[in-house]
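The following exercises concern strand pairing and the surroundings of one loop residue. Please work through each task with the structure in view before reading its solution.

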Amino acid sequence: MAWHKVASSQDVEEGNVIEVKVGETPIALYNIDGEFYATHNICTHAYACLHEGYVEDETIECPLHQGIFDIKTGEALEGPVEEPLETYSVKREGEEIYIEVPEE
Ligand code: FES
């Protein structure tokens, strides 16, 4: 596992999500009440980018078929989704946001 600097804290507004990449891996980076979380950015149901979906409380709703995942755990909560999302550890050092992902 290794930490990768992916963004600055100002890049993600509270209650919002952006896409970042570590190598070839697309990752959704969320700001929930000033705390940062990361999941894989591709829905486990079909092919949709979750950063184009809707953040509500601590969940992300897929823009394609409205599947809902828990942002903190990756758990599939509602809709057609069954497989959980991969989640990643996030740390903040000053303004910089780091995500821990497995070595490729
Ligand atoms: Fe996300 Fe179908 S692609 S719910």
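The model is predicted.

**Exercise 1.** Determine which residue of strand 7 is the bridge partner of Ile60, and place the pair within its sheet.

Solution. Step one: the bridge partner of Ile60 in strand 7 is Phe69. Step two: strand 6 covers residues 59–61 and strand 7 covers residues 68–70, and the two pair in the antiparallel sense over three bridges. Step three: both belong to an open sheet of four strands, ordered 5-6-7-8 with antiparallel pairing. Its edges are strand 5 (54–56) and strand 8 (76–78), each of which pairs on one side only. On average, neighbouring strands of this sheet are turned by 30° against each other, direction ignored.

**Exercise 2.** Describe the hairpin of strand 2 and strand 3.

Solution. Begin with the pairing: strand 2 (residues 16–22) and strand 3 (residues 25–32) are antiparallel and share seven bridges. Next, locate a facing pair: Lys21 stands opposite Pro26 in strand 3. Finally, inspect the turn: two residues lie between the strands, and Gly23 takes a positive phi near 60°.

**Exercise 3.** Is Ile42 buried or exposed, and which residues does Ile42 touch?

Solution. First, Ile42 is located in the loop between strand 4 (35–40) and strand 5. Second, its relative accessibility is 15%; because buried means under 20%, Ile42 counts as buried. Third, leaving aside residues up to four places away in sequence, Ile42 touches Pro26, Tyr47, Ala48, Cys49, Leu50 and Leu85. Pro26 is also the residue that Lys21 stands opposite in strand 3. Lastly, Ile42 and Asp70 are 28 residues apart in sequence, with their C-alpha atoms 14 Å apart in space.

Note on methods: Residues numbered from 1 in each chain as written. Predicted model: local features only at pLDDT ≥ 70, side-chain atom pairs only at ≥ 80, totals over all residues. Heavy atoms only, no water. Pairing = 2+ DSSP bridges. Axes fitted to C-alpha atoms, helices over the stretch in contact; angles between N-to-C directions. Buried < 20%, exposed > 50% of the residue type's maximum accessible area, 1.4 Å probe, protein only. Contact = heavy atoms within 4.5 Å.
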